[in-house]
Amino acid sequence: MMSTSIYLVSSDKIYPEDALAFLADLNAVNIDKERVSGLIAEGDASIWVKFLGASVLEESDEEELETWSNYLGKNACSFFELTIGKGEGGMQLAVKVARESMQRWIVVVDDLYDFVYCEENLDEILNP
């Protein structure tokens, strides 16, 4: 199985120091302060979390931007990429991380295929 990635998309302006605090609160290991990334592991599950800031906006098309702003209620401006490891329970851990981010910021989850999930329907990502 390939490792999968999902995006956490926020309409809040998140700064690298906020992202690093988020990683620390999630007990991430191997935190790279320069790249603003870290590893979250629980049992066999692991996720690489990388803060992408606003860089994603440059490579997104109108349709994506519109979809995100429809879900968020305003324009997307900050992104995290979650790369889910091959161990069992990876997507469950990703959902947990996503829910944590939703406690701090206005966030939706993009599965990078077809769907954008919000807090109410996020568990559906577990049963594609």
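# A tour of salt bridges and strand S5

Start by selecting Asp 123 and Arg 99: their side chains meet in a salt bridge, 3.3 Å from N to O. This is a predicted model. The pair links distant parts of the chain, 24 residues apart. Asp 123 lies in the segment after strand S7 (116–117), and Arg 99 belongs to helix H3. Color both by accessibility. Asp 123 is partly exposed, at 42% relative accessibility. Arg 99 is partly exposed too, at 27%.

Why might such side chains pair? Side chains of opposite charge can do so when their charged atoms come close.

**Next stop: Lys 96 and Glu 42**

Stay on helix H3 and select Lys 96. Then add Glu 42, its salt-bridge partner. The closest N and O atoms are 2.8 Å apart. Here, too, distant parts of the chain are linked: Glu 42 sits in strand S3 (residues 37–42), 54 residues from Lys 96. Is Lys 96 buried or partly exposed? Lys 96 has a relative accessible area of 45%, so it counts as partly exposed. Glu 42 has 42% and is partly exposed as well.

**Then: Arg 104 and Asp 25**

Go to Arg 104 in helix H3, which spans residues 90–104. Its side chain meets that of Asp 25 in a salt bridge, with 2.3 Å between N and O. Asp 25 is in helix H1 (residues 16–25), and the two residues are 79 apart along the chain. Arg 104 is partly exposed, at 36% relative accessibility.

How many salt bridges does the count come to? The count is three.

**Now the strands: S5**

Hide the side chains and select strand S5, residues 78–84. Five of its seven residues are buried, so S5 is largely enclosed by the rest of the structure.

Which strands should you add beside it? Add S1, residues 4–10. Seven bridges join S1 to S5, and the two run antiparallel. For a landmark on this pairing, select Val 9 and Phe 79: Val 9 stands opposite Phe 79 in S5.

Now add S4, residues 45–53. Six bridges join S4 to S5, and this pair also runs antiparallel. Select Ile 47 here. Its bridge partner in S5 is Ile 84.

**Last view**

Show S1, S5 and S4 together. S5 is joined to S1 by seven bridges and to S4 by six. Then bring back the side chains of Lys 96 and Glu 42, which form a salt bridge, along with those of Asp 123 and Arg 99, which meet in another.

How values were computed: Residues are numbered from 1 along each chain as its sequence is written. This is a predicted model: local features need pLDDT of at least 70, side-chain atom pairs count only at pLDDT 80 or more; totals for chains, interfaces and linings use all residues. Side-chain values use heavy atoms; hydrogens and water are left out. A salt bridge is a side-chain nitrogen of Lys or Arg within 4 Å of a carboxyl oxygen of Asp or Glu. Helices (H or I, at least four residues) and strands (E, at least two) are DSSP runs, numbered from the N terminus. Buried means under 20% relative accessible area, exposed over 50%, partly exposed in between (1.4 Å probe, protein chains only). Two strands pair if DSSP finds at least two bridges between them.
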